[in-house]
Structure formats: C-alpha cells, structure tokens
Amino acid sequence: MRNSAKQKTSMQNFTETAVLFSGNNHLLTNHNFKHVYIRHMEPIKVGIICYPTYGGSGVVATELGKALAKKGHQVHFITYQEPVRLDAFHENIFYHEVSSLDYPLFQYTPYESALASKIVDVVKFEKLDLLHVHYAIPHASSALMAKSILREQKINIPFITTLHGTDITLVGRDPSYSPVVAYSINHSDGITSVSESLKRDTQQHFNISKHIEVIPNFIDFSRFRKTNKEHFKTAIAPQGEKILIHVSNFRKVKRVEDVVKMFHEVQKQIPSKLLLVGDGPERMSIELLCRQLGNCDHVRFLGKQDAVEDLLAISDLFLLPSETESFGLAALEAMACEVPVITSNAGGLPEIQLQGETGFMSNVGDVQDMAKNAVFILSDEARLKQFKQNAFAHAKKFSLENVLPMYENYYGLVLNASVGEFVI
Ligand code: GMT
C-alpha cells in the first residue's frame, strides 16, 4: 500500500460515522476534543518505536500497538528489547530487535544510528505505511534520519512523534539535547502530546511551528478493574488498616520522599499500611527515610510488579506527589481500579483529576495539605466509598474504546497529508 496510488485509494476509504464525545464531557472541555470522529480505516502496517521497559511511554506504546493489532492493523515494534507489556502472541504483532554493534573505539554505543538503520530495513522489507515514535529522545531523530535515507530511495514513510513528558519537561530541554529535539519534532509528519499541559510546555520551551494534537493516555478496562483480592488484603492489613499505595520508577521527579512523609502524618491519625511499588535510583534513600521516621513496619517495598492491578484492587488511596507529571497514567490506572488519588497539581494532573471528587490536588511539596486531604477521605467510610465511585466513573472517560479512534483518526490525517507530498 505504501508510496503508491494504491495508498491514495486506501486512505480515501475513511468514512466518518459518529461523533465520539458530547459537549458536557470533562475530557472534552479539558482536551478540546470537540470534533473527534470514529473512522473506519483499512488495515495499515505501522512501525512502533518505543522504550520497552516499565516507563509510561513504553506502556502506552505497547498497549496502543496491541489494541491496533486487535483491530486488524499490522504492528511492528522496533526497539532494543521485547516490550514488557507484550505478554501474549498475536498474529498481527511483530517484534524487530535493534542490536548495535559494539566496538572498542566507542565509549557509548551509537543506538540512535543502529535504530535508524533498523527502521530503514523494516520499512523496506515489511512495506510499512507509517511510523509512530514514542518519547522524542532519540526516537524522533532516528525516525527522521531513516525517513531521509528512504526518501533518497524514493520511499516515503511519514512518522508521528508522541511526546510523553520528560522528553520535553526535563531531559529534552537540556541544551545537550534541545536543538535535536526541536528539529526532529518540527520535521515530524504528525505530533501528538498526552495532555494540554504538555502541549503548552512544548510550545513554550521549543520553537514549534506545527500543530500538536492532544491525545490522552488510556485505560484497558479488561485489565484495570477492581477484582476481589480480599485474601491478599488480609495478609497485608490484618487489622483492617487502610492501604495507601504509590507506583513509580523511583526517580527524583516522583518525590517519593513526600509519599513517605505524607504516610507518616496519615498514620498518626488512621491505622494504615503503605505499599511502595517499583524501583529506581531513589529507592535506597527512601528506605533510609522510613527508618528515620520509624515506620518501616508499616511500609512494604514490593519492587517492580507486573500485576499492579491486583495491588490496586486492595488499595484505598493512591499517592502521586510528582514535581512534574505530563499526564499521570499511574494515577489513572488507580482510578480505574476504584482508588481515589492524592496528587500534586503539576503538569497534566489537573486534566485527569476532579478536585474534591476523585481525590485532591495540592501544590508540589505541600505534604501537610496532602496528608490532611488523605485523612479527610479515609476517615469516613461513606465518603471513601463515594470517592472510589467518582474515581472509577471519571476514569471511564479515558477508556481504550474512547481514545483508540483518536489515534486511528490522526493516523488517517497524517497518511492522507503525506500522500500528496511524495508519490512515485
Ligand atoms: O518520565 C516518566 O515517568 C516516564 C515517562 C515515560 O515517557 O516513560 O512517563 C511519562 O509518560 C507517561 C505516558 O504518557 C505519562 O503518563 C507520565 O505522566 C509521564 N511522566 C512524567 O511526565 C514525569
């Protein structure tokens, strides 16, 4: 289908069938998705480039790929390791490993070049229609390089860059990366960002000339839903204590120390346990903090867990006090499992939270306010139940069924636009 008049025909086969959202939808007002259409799209071959590990961008990329494959598209993951969430065989999913040759001269193996070369190879051999890169660094510049190489061979391959967060707000802004990040974003055929907040940050920090489409993170409710794990709850909280939970990769930006301090305050008033899920550079200093505060008996470090939904199923409150958070997928996953959330008001968090309904937001670092709000929610059973229901109802708006058509629709627009650009 790629690069030919045939592609034109296939793209003309989009038909608008339904308006997805109505005017009073919170998602709509926050994200301005006024005119989202479900289109019937002929199957395409898409290459997905992402980080394969536990980060949010890799999770979104993998879940999106799986959902596209279920809808009949052919999905090719191109990365250095099999994505962790790629847990089952699917006839429409392919995995292409990027292996970069090491050499004594290299202090660092040039992954960016190896990735670009692999993309060239896969696009040509598999006849891909589109590339979708997740997290700008270095995926967008590798895709751009691959596109230029292929162009010389008279092959047109459009690529979409999805901005996820720290590729813009932290790492991407650093002068050691920013010129390349700005250039590769500006030369993408399509750009999406996971929140309005991240879109604004991108426009503020980089000189971006192109439109940025906001498409939020999503939830697969067949996986993230409350299930009965009472036996598990009894093991962790034998006296019926409340269970608070934090899930992250324990980097500084997550402010896990605030989680522990907040829990320390809550525990003074409400018998409770804290589950810390994930691992990362801050883990050791967090363990030390627990010892200093003398609450090690009530804090469980669980490390990386695949079945996070089982832990969410027994939790009463989710804590995410991040310094910056472009969207906060972990909080949304908690809400899907009927867990209210206490978060900072950083970045895109106000776009997924309803203050005083699904939980509470406080200024970054305001541990006392966060603890006060946590106690407010946990201290009254009827109130807690209401917050749980609200969290679930609000999370429903970000279902896979609602968000997948936004990506498909955007793929269609980018493919249509690129047909005129270069046809052999
Ligand atoms: O920075 C991270 O924590 C990981 C990062 C990623 O790209 O792997 O997560 C970001 O992307 C997620 C998926 O779009 C968002 O839900 C997270 O909010 C975002 N993290 C930050 O902005 C800190």
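**Entry 1: the ligand.** I started with what surrounds the ligand in this predicted model. I found 20 residues around the ligand, and Gly-55, Gly-56, Ser-57, Gly-165 and Leu-329 come nearest. Next I looked up which helix gives the most to this shell: helix H3 (residues 56-70), with four residues. Sorting the shell by class, I got 13 polar residues, six nonpolar and one charged. Where does the shell lie with respect to the domains? Domain 1 (2-218 + 399-418) gives residues to the shell and so does domain 2 (230-398), so the shell lies between them.

**Entry 2: the core.** I then went to the largest nonpolar core, which has 108 residues. Inside this core, Ile-119 and Ala-331 have the most contacts. Both domain 1 and domain 2 give residues to the core, so it too lies between them. I followed up on Ala-331: leaving out residues up to four places away in sequence, Ala-331 touches Phe-318, Leu-320, Val-341, Thr-343, Leu-349 and Ile-352.

**Entry 3: helix H10.** I checked the length of helix H10 (residues 256-269) next. H10 has 14 residues, which at 1.5 Å a residue should span 20 Å; I got 21 Å between its end C-alpha atoms, so the two agree. Which residues of H10 are buried? My list reads Val-256, Asp-258, Val-259, Val-260, Met-262, Phe-263, His-264, Val-266 and Gln-267. I also looked up what these buried residues pack against. The strands are S10 (242-247), S11 (272-277) and S13 (317-320), and the helices are H11 (283-293) and H15 (367-378).

Note on methods
Residues numbered from 1 in each chain as written. Predicted model: local features only at pLDDT ≥ 70, side-chain atom pairs only at ≥ 80, totals over all residues. Core = buried A, V, L, I, M, F, W, Y, C linked by C-beta atoms within 7 Å. Buried ≥ 20, exposed ≤ 12 C-beta atoms within 10 Å, placed from the backbone. Domains from an automatic or database assignment. Contact = placed C-beta atoms within 7 Å. Near = placed C-beta within 6 Å. Helix = DSSP H or I, 4+ residues; strand = E, 2+ residues; numbered from the N terminus. Nonpolar A, V, L, I, M, F, W, Y, C, P; charged D, E, K, R; others polar. Expected span 1.5 Å × (residues − 1).
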